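Student: Could you take me through one helix pair in this model, up close? I'd like to know how the two pack and what each side brings to the contact.

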Amino acid sequence: MELIVSKFNYWAYIVMILVGLYGMMVKRNLMKKVIGMNIFQWSIILFFISIGAKKGATVPIIIKGTEHAVKAADYINPLPHVLMLTAIVVGVATTGIALALIILAYRRYRTIEEDRIIEALKKR
Amino acid sequence: MPGYITLLPLTAIFLPFVGAALIILTGERKPNLRESWTIVTSFGTFIAITSLIPYVLNGQTVECHIVEIYRGLHLKLKVDAFGLIFALLSSALWFIVSLYTIGYMRSLKEHNQTRFFAAFSIAMGGAIGVALSADLLTQYMFYEILTVSTYPLVAHKESPEARRAGRKYLAYLMGGAVFILFAMAMLYTCEGSLDFHPGGMIEQEGRGQLYRITFLSFLLGFGTKAAIMPLHEWLPSAMIAPTPVSALLHAVAVVKAGVFCVLRVLLYIYGPESLKTLELSFALALIVSLTIIGANVIAITQDNLKQRLAFSTINNLSIIILGALLLNPVSTLGAMLHLVSHGFLKITLFMCAGAIFVQEGKEMVSQMGGIGKKMPYTMAAFTVGALGLIGIPPIIGFLSKWFLCLGAIEVQRTGFLLIFLTSALLDAVYFLPIIYHAFFQRSVEGANINQEAPFLLLLPLMGTAIFSIVFFFFPNFLFHFQELADGASKSIFEGWRK
Amino acid sequence: MKAHWPILIVALPLIMSFVTFMTGICYRAAAYHLTVITAAFSTFIAICLFIQVIVEGMTISYHIGGWEPPWGIEYAVDHLNALVLLATSLIGLLTIIHSRKIVAREIGGEKTHIFYALVLLQITGLLGMTVTSDVFNLYVLLEIASFSAYGLIAVGRKGAEFAALRYMIFGTVGAGAYLLGVGYLYILTGSLNMSDLLRLLSNLYGSPTLLAGLLFILLGLAIKMAAFPLHGWLPDAYSQAPASTSTLLAPLFTKVVAYVIIRICFTVFHPSFALHTYPLIPIMGAIVGVGIIVMGVMAIAQSDIRRMLCYIVIAEVGYIILGLAAGNRLGMIGAILHIVYDMFMMALLFNAWATIYEHLKSSHISAWRGISKKYPLEVATFILGGLSVIGIPPFCGFFSKWFIILGLVEGGKWFLLATLLLSTLLAAVCFFRILEQTSLTHGSNTMDDRSEKKTSLSEGVVLASLSAFLIILGAVSGYLVSFIEKIPFLGAL
């Protein structure tokens, strides 16, 4: 029980990843697949953000004129958050391309159901 | 020894490849120019190799280091007596056969001659490369070049049957190559080197089982090309190729390359001592003896002349291997000489078969009654070849078989002596009727007019037949075959007493 | 200038990608030339870096923005990636030159500049993945390469957008898994720099988190490199793509990812960690070993030649893993050699295929019947590439395979050895079948009049030079091996 509570952020992201994978693998609708893919990506981003957090720490901005030495423990680790800015950009780009591809597929096959597209492809 | 000598083996190997490139570039537009490339390169190769003889006879080895791949792994060439024998044999016969090939291909108006001559040239480069390699890796490289370049020649006819033969050929030989690759890797891992050394290079202390497996693997690899039964199936099928291919490649270059590689492994990698202590020589000798007898028995049943010759080839290849397996200098000398004598004799026979096919369109032995009256010169040459293979003097075939039998007596293996003699008897059973029918049976058509083959076909086959007789009287004529073989077998058995 | 080469080789194609796009809007014909110039310049830089590594004999390190690692991002060129950089950029250049006409036909006038912008982006990603020594930066560049690949594939024939979408879903899972693994490493060490990680991880090898991290990274990269059984996306994606795309992607992408696996497993972790402490690479090797047989059989079963080549690509990438799984020096040398050699072999095969496809408009094996008379050069180069893949010496494919075999024998991995040898035979069946179809069968003469198109000079030159490379690379294997042997981590094996 304690394992679950103390590491609740890990459990949360594991659940989210599984939800995302489920969406990607099982759903036959392309839009739902993309939503699953998004959930998958955001869960990893949340995981990164959560590892930067510390209890009782503050934003990592050093105020000018502070006299005493900087103690790392007082501040949230900013690096994962900065990394995740990039990862968010990547995620958004992924979504953008995915949606573009779905539009392309819809124009050609007039459907976004995977099964029907495969059927249409087999027919040619 | 002048420095440029080391370039000679390199020249000998690269000339055929250059020739192939020139042939392709010339193409179908100028057939005369294209054919002259074949003659020029084959002659150049022949000269380059012949000019190596004096150095090797002096006991020098000409080495040419191309490139180092890794520690103990090189691509390098070395001309030793044994290698030179095979190189001489292939290049001399290539030059002779190239005339024949041109005559044959033109008479039959074969298609795709550019590809044919280019592949032929590459194959010869491969064969000579195999002969002059200093280690297994280099040898494997040329061996594979030879394998691949022969494939389009086997399937040259482009008929479904030819393609099937080509597939079979590839299946056997590529399958074999995989085993060689494995064996080479094993050998390198154990010894850290792949160099040939007369009398063997392995230190088999405590690794007997490993070396037995490696040996088996080598045998499965090179044995396919040497057509040891039951790996021989591809050779009779490959007889569908145009006759010059059967003559030069499937009687000399390709299959002899297989035998040559087997002998290299036996005598230059394992060596007599290891073969004996690992108890490999006797086991292999038994397999090979079965092949000798089996192939000859099958040959009797064949009606297609080329098929019959193919099984005779299988028989003779195994005789050569058996000679080496008797593990004494005399029989090894005999084996190396038999490499030469079978080369000259069998090529004569194949060229005769080709000439008959060109003139008469006949392939079956049963149709050849009375053909001796129509084509007296061709059949005279055929007779020389056949008698030589049986082992009747004064033809070189007698000489090599004589040494083989002497060797068998020397090591007191009466069983193997009997094998040699039985095989000669069986040779007689399937060769003599052909000759008898050719000369003494009335032809079905009855026409007794002289319909001799064209000069371009006749000259080479007469040439090889005459050479086979000359070599009996002067085994060291021109090429010093006997001296070379003697030197090679002495260097192998030096310092080894049963 | 010289000091900035490690960043320039990545930044230049990136910038030029936008420049190409922008100029393309008003002046389309310039796109091709800009791309070729950029690729040529990247190749030039790669050659210079290669020479510099040989001369100086040590790692060239570049700190972006002057920030010292581990805070800043470091780009480093050492003996391992100098070789990969050179091969990647050179093949990129040759392929772009080769596919000019094909692009013009396939993509059409309006979109060529977008296509070339994506091509440059692709090259940016590949070169960046090779040169970076920051694990997160690697993720970003991996995604840049992947995104441009999705785009390049999606413009193909019918079904391409669907194949691209499936590739994308696979690829995103792969990239996500990789990122997750990087997160684990970050939790443990607080660093993202590769050499820094190697130092910090040295006393953490017992940690299960670390194992999980490496597992996720390997899983992600295995998806991206199409290692069996995670290869499902590749045959569809590469065979539905436009011809000009598959000639660019097939030789490069999977091999660069294979390089990344080597980089992570052996320079971020101690080499023995993934080999002996937890035998992840040997396990992967065993799975891939089964895979190369399956892929060989699949390749034989294809009647579409491009699809057959796709399966061969997967099998060939498997050889690299087999070499790593041998777990010794020889196997590693073989694997690294094979990365480089396989790039050239696949480049030749796909480019020759694309040329013939341009003429015949068909990739079906029956359409290739007896075409060698009409297209002797194209067929000959294709067969040459095939022989190299089979492993016929003196072509380069033999030498890398030979080292992998030596490594497997020395490591006593008999099962893997057997699979490798068997797959050699399967590859032989594939290519000799094509040789038989193209050269040893009478063609139907029905299409003689229609296709009068000639292979252009530049295409011919590219094919001829790639074939020459196969022989030259085989001949200089010895020098390459002694170059590869200077890679520091090989000493630890």
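Tutor: Sure, and keep in mind that this is a predicted model. Let's look at helix α15 (residues 329–360) of chain C and helix α16 (residues 376–390) of chain C, whose axes lie 9 Å apart and meet at an angle of about 150 degrees. Anything over 145 degrees counts as roughly antiparallel, so α15(C) is roughly antiparallel to α16(C). As for handedness, α15(C) passes α16(C) in a left-handed crossing.

Now the residues that do the touching. From α15(C) you get C:M345, C:L348, C:L349, C:A352, C:W353, C:T355 and C:I356. If you're wondering about the spacing in that list, an α-helix has 3.6 residues a turn, so residues three or four places apart point the same way. On the other side, α16(C) brings C:E378, C:T381, C:F382, C:L384, C:G385, C:G386, C:S388 and C:V389. Sorted by class, the contact of α15(C) with α16(C) comes to nine nonpolar, five polar and one charged residues.

Chain C also has a contact with another chain, and you can read that one in a similar way. Chain C puts in 23 residues there and chain A puts in 27. On the chain C side, α6 (135–154) and α7 (160–189) each supply at least two residues, and α7(C) gives the most, with 14 residues. By class, that side of chain C has 15 nonpolar, five polar and three charged residues.

Conventions: Residues are numbered from 1 along each chain as its sequence is written. Chains are lettered from A and ligands numbered from 1 in the order in which they are written. This is a predicted model: local features need pLDDT of at least 70, side-chain atom pairs count only at pLDDT 80 or more; totals for chains, interfaces and linings use all residues. Two residues are in contact if their C-beta atoms, placed from the backbone, lie within 7 Å. Helices (H or I, at least four residues) and strands (E, at least two) are DSSP runs, numbered from the N terminus. Ala, Val, Leu, Ile, Met, Phe, Trp, Tyr, Cys and Pro count as nonpolar, Asp, Glu, Lys and Arg as charged, and the others, Gly among them, as polar. Axes are lines fitted to C-alpha atoms, for helices over the stretch in contact, and angles run from 0 to 180 degrees between N-to-C directions. Angles under 35 degrees count as roughly parallel, over 145 as roughly antiparallel, 65 to 115 as roughly perpendicular and the rest as oblique. A crossing is left-handed if the near helix is turned anticlockwise from the far one by less than a right angle, and right-handed if clockwise.
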